[in-house]
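Colleague: Could you walk me through this model slowly? I keep meeting words whose cut-offs I don't know.

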Amino acid sequence: MKQMKTTALILSTALLMSGCGTMNNTTKGGIIGGGGGTAAGALIGGLIGKGKGAAIGAAIGAVVGTSAGVVIGKKMDKKAEEAAKIEGAQVEIVQDKNGLDAVKVSFDSNILFDFNSSALSNEAKAALRDLAQILRDDTTTDIAIIGHTDKVGTYDANIKVSKDRAYAVENYLQECNVSPAQFKQVIGVGYNEYDESLTAAQNRRVEVYMYASEQMIKDAEAGNL
């Protein structure tokens, strides 16, 4: 399968992959990035909109302590390992605006969209059902969903279809009993965010981000994680 472009620094891929048991990455997903709460990935705000998009992270108004950051990092590492077992998933460890590890999940052929379409395929629904299980298991995980598009048509038309793709994923995850309260941002971006390293079909994608909520941060600071 074709992996998505690496946007996080590769620190300890071997360690993460060793935790995936006998997973075969020719049929399952893969992990890009490092773990243990020490990964130094790019800020999610820089990943979405190439610096022009809104940064993702709970508005806590304070610096998160080192020990809490390590605990959250380990928690996110586990989520990354679980997500990498999903058929077609590509997983990256990145950082949110609080400097905490977060998980970016994107997909290859399983969650791409046909031209000018926001309809989810059966393969996409199967992958999202697996992702929903991870999201349901911890309601202190916040979620952001970013829809992308190709470069055909007007900018406004592309924004609409990329939003529709993001909402299609959100709606299906909620149908799979993921709490609506977990979704903090669902947006579409235009072809100014087109990734030239990918094909047009691969640019018709959705990315799902899992990151620490304010409650998770409080729990980590209190030693309750």
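Modeller: Happily; we will take the words one at a time. This is a predicted model, in which local features need pLDDT of at least 70 and side-chain atom pairs count only at pLDDT 80 or more, while totals for chains, interfaces and linings use all residues. Residues are numbered from 1 along each chain as its sequence is written, and side-chain values use heavy atoms, with hydrogens and water left out.

Colleague: Why is Gln182 called buried or exposed?

Modeller: Buried means under 20% relative accessible area, exposed over 50%, and partly exposed in between, with a 1.4 Å probe and protein chains only. Gln182 has 2% relative accessibility, so Gln182 counts as buried. Gln182 is found in the loop between helix H5 (155–175) and strand E5 (183–188); helices (H or I, at least four residues) and strands (E, at least two) are DSSP runs, numbered from the N terminus.

Colleague: What does the side chain of Gln182 reach?

Modeller: The side chain reaches the backbone oxygen of Leu135 at 3.4 Å, and the backbone oxygen of Asp138 at 3.4 Å as well.

Colleague: What makes Glu92 and Lys104 a salt bridge?

Modeller: A salt bridge is a side-chain nitrogen of Lys or Arg within 4 Å of a carboxyl oxygen of Asp or Glu. For Glu92 and Lys104 the closest N and O atoms are 3.8 Å apart, and they form a salt bridge. Glu92 lies in strand E2 (residues 89–95) and Lys104 in strand E3 (residues 101–107), so the pair ties together parts that are 12 residues apart in sequence.

Colleague: Are those two buried or exposed?

Modeller: Glu92, at 0% relative accessibility, counts as buried. Lys104 is buried too, with a relative accessible area of 6%.

Colleague: Which residues are linked with them in a network of salt bridges?

Modeller: Arg205 and Glu207 are linked in a network with Glu92 and Lys104. Glu207 forms a salt bridge with Arg205, the closest N and O atoms being 3.2 Å apart.

Colleague: And why is Glu196 called buried or exposed?

Modeller: Its relative accessible area is 59%, so Glu196 is exposed. Glu196 forms a salt bridge with Lys151, where the closest N and O atoms are 3.0 Å apart. Lys151 is partly exposed, at 42% relative accessible area.

Colleague: Finally, how do you know that E4 and E5 pair?

Modeller: Two strands pair if DSSP finds at least two bridges between them. E4 and E5 pair in the parallel sense over five bridges, and Ala144 stands opposite Gln185 in E5.

Key
Polar contact = N/O pair within 3.5 Å; in protein donor to acceptor, adjacent residues only side chain to side chain.
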